[in-house]
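User: I'd like a close look at one part of this model, the sheets and the side chains that sit on them. Could you walk me through how the strands pair and what their residues contact?

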Amino acid sequence: SPRRHYTKSEGISYHEGKIYFMAKEEHKLIILDLENMTYEIETSGRKFYGEGSFGAEPDQNMFGPTQKYLYFCEDGGSNPGVYARYGNDGTYFTLFQAIWGGIYDGDETVGIALSPDNTRFYAGIQTYGVIFEFTRDDGLPFE
């Protein structure tokens, strides 16, 4: 049953015949292949590249415009952030992360979105009601 296998599910995205959603309590990304009637379950943030860490619950998610990256928020933890999962290889990395023990300690990132031209990435911190706008140093759009 869903309650037993993927409780507190959030964030659902569709791409190329597959549905992606997060099972928060289990720290899992579930991928349902609707064409082949199969599924995959992946521990979120397991194959991590670069700095940062992902230790809390995965939350909302969305694909970027090129469909290469699945961006997602983090619910709770000492330094919530926004993360991305690259394509089919399942590599995770940090877009931004709050400072450990800082004012956003234990908060939640929410509301990920891209501007219409994809050059600005938005995310919020729930309790403080702060919305961040990110741009790339090279001026290129987010993928």
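Analyst: Happy to; what follows goes through one sheet, then its side chains, then a second sheet. Please keep in mind that this is a predicted model.

Let's start with the sheet of four strands. Its order is β5-β6-β7-β8, the sheet is open, and the pairing is antiparallel. The edges are taken by β5 (57-63) and β8 (91-97); each of these has a single partner strand, so one side of each is left without a neighbour in the sheet. On average, neighbouring strands here are turned by 30° against each other, with direction ignored.

Within this sheet, the pairing of β7 and β8 can be followed residue by residue. Strand β7 covers residues 81-86, and 6 bridges hold it to β8 in the antiparallel sense. Two of the facing positions are easy to find on your screen: Ala84 is opposite Phe93 of β8, and Arg85 is opposite Tyr92 of β8. The two strands form a hairpin with 4 residues between them, and in that turn Gly87 has a positive phi of about 35°.

Now for a side chain that deserves a pause. Glu74 belongs to strand β6, residues 69-75. What is the nearest side chain of opposite charge to Glu74? It is Lys24, which is 11 Å away. A salt bridge needs the charged atoms within 4 Å, and Glu74, though buried, has none. Its side chain does have polar partners, however. One is the backbone nitrogen of Gly81, which the Glu74 side chain reaches at 3.1 Å. Another is the side chain of Tyr83, with a polar contact of 2.9 Å.

Tyr83 also leads us to the aromatic residues. The structure holds 13 aromatic pairs. Take Tyr69 and Phe93 to begin with: their ring centres are 5.6 Å apart and their planes stand at 85°, so this pair is edge-to-face. The pair links distant parts of the chain, with Tyr69 in strand β6 and Phe93 in strand β8, 24 residues apart. Are these two rings buried or exposed? Tyr69 is buried, with a relative accessible area of 17%, while Phe93 counts as partly exposed at 23%. The cut-off for buried is under 20%, so Tyr69 at 17% falls within it.

A second pair brings Tyr83 back into view. Phe72 and Tyr83 form a tilted aromatic pair, 5.9 Å centre to centre, with 35° between the planes. Since Phe72 lies in strand β6 and Tyr83 in strand β7, the pair ties together parts that are 11 residues apart in sequence. Phe72 is buried, at 0% relative accessibility, and Tyr83 is buried too, with a relative accessible area of 0%. Tyr83 thus has both this ring pair with Phe72 and the polar contact with the side chain of Glu74.

Ring pairs also build a cluster. Its members are Tyr69, Tyr71, Tyr86, Phe93, Phe121 and Phe142. Tyr69 and Phe93 are the edge-to-face pair described above, and Phe121 takes us to the other sheet, where it is the bridge partner of Leu114 in β10.

That second sheet has 3 strands in the order β9-β10-β11; it is open, and its pairing is antiparallel. Here β9 (109-114) and β11 (130-134) are at the edges, each with a single partner strand, so one side of each lacks a neighbour in the sheet. Its neighbouring strands are turned by 20° against each other on average, direction ignored.

What about β10 itself? Of its 5 residues, 4 are buried, so β10 is largely enclosed by the rest of the structure. On one hand, β9 and β10 run antiparallel and are joined by 4 bridges. The hairpin of β9 and β10 has 6 residues between the strands, and Asn118 takes a positive phi near 65° there. On the other hand, β10 (residues 121-125) is joined to β11 by 5 bridges, again antiparallel. Ala123 is opposite Phe132 in β11, and Ile125 has Val130 as its bridge partner in β11. The hairpin of β10 and β11 has 4 residues between the strands, with Gly129 at a positive phi near 65°.

Technical notes. Residues are numbered from 1 along each chain as its sequence is written. This is a predicted model: local features need pLDDT of at least 70, side-chain atom pairs count only at pLDDT 80 or more; totals for chains, interfaces and linings use all residues. Side-chain values use heavy atoms; hydrogens and water are left out. Two strands pair if DSSP finds at least two bridges between them. Axes are lines fitted to C-alpha atoms, for helices over the stretch in contact, and angles run from 0 to 180 degrees between N-to-C directions. Buried means under 20% relative accessible area, exposed over 50%, partly exposed in between (1.4 Å probe, protein chains only). Lys and Arg count as positive and Asp and Glu as negative; His and the chain ends are not counted. A polar contact is a pair of N or O atoms within 3.5 Å; within protein, one must be able to donate a hydrogen and the other to accept it, and residues adjacent in sequence count only if both atoms are side-chain atoms. Rings of Phe, Tyr and Trp (its six-membered ring) pair if their centres lie within 6.5 Å; planes under 30 degrees apart count as stacked, over 60 as edge-to-face and the rest as tilted.
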